[in-house]
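Please work through the exercises below with the sequence and the model open beside you.

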Amino acid sequence: MSSGIKFCYTCDTDEPHRPLTDSEKVWLKNRTGQRNVDGYFMCEAPNCRNVRTGFNKHPFDPVIRVPLPD
Ligand SMILES: [Zn+2]
């Protein structure tokens with residue numbers, strides 16, 4: 001498995017993922033109430049943006065998707 005390729009629960013395939021940006025981390029902290037969201041990654045497949053951690057493909061039920069920037 002290369003660095004950014006992880007299984008995406010919502011795509012049901014291996015997809016490129018990237019760490020969250022600073023503004024996305026602020027959003028996810030507010031969304032989840034968690035203080036540390038450094039371990040989360042976002043699926044880069046078109047129109048997906050599902051959030052997972054490095055170890056857990058399905059950390060949220062229902063799933064959380066990062067909103068598109070304004
Ligand atoms: Zn995906």
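Three exercises with worked solutions follow.

The model is predicted, so local features need pLDDT of at least 70 and side-chain atom pairs count only at pLDDT 80 or more, while totals for chains, interfaces and linings use all residues. Residues are numbered from 1 along each chain as its sequence is written.

**Exercise 1.** Determine which pattern the helix and strands follow along the sequence.

*Solution.* Begin with the elements, which are DSSP runs numbered from the N terminus (helices: H or I, at least four residues; strands: E, at least two). The protein contains one helix and four strands. Reading along the sequence then gives β-β-α-β-β.

**Exercise 2.** Work out how S3 pairs with S2 and with S4.

*Solution.* Apply the rule that two strands pair if DSSP finds at least two bridges between them. Strand S2 (residues 13-19) is antiparallel to strand S3 (residues 40-43), with three bridges between them, and here His-17 stands opposite Cys-43. S3 also pairs with strand S4 (residues 51-53), again in the antiparallel sense over three bridges, and in this pair Met-42 faces Val-51.

**Exercise 3.** Assess the overall dimensions and the burial of the protein.

*Solution.* Take the box first: along the principal axes, the C-alpha atoms fill roughly 30 × 25 × 25 Å. Next, consider the radius of gyration, taken over C-alpha atoms, with a globule rule of 2.2 Å times the number of residues to the power 0.38. For 70 residues a compact globule would have a value near 11 Å, and the protein, at 11 Å, agrees. Finally, 14% of the 70 residues count as buried, meaning that 20 or more other C-beta atoms, placed from the backbone, lie within 10 Å of the residue's own.

Key:
Buried ≥ 20, exposed ≤ 12 C-beta atoms within 10 Å, placed from the backbone.
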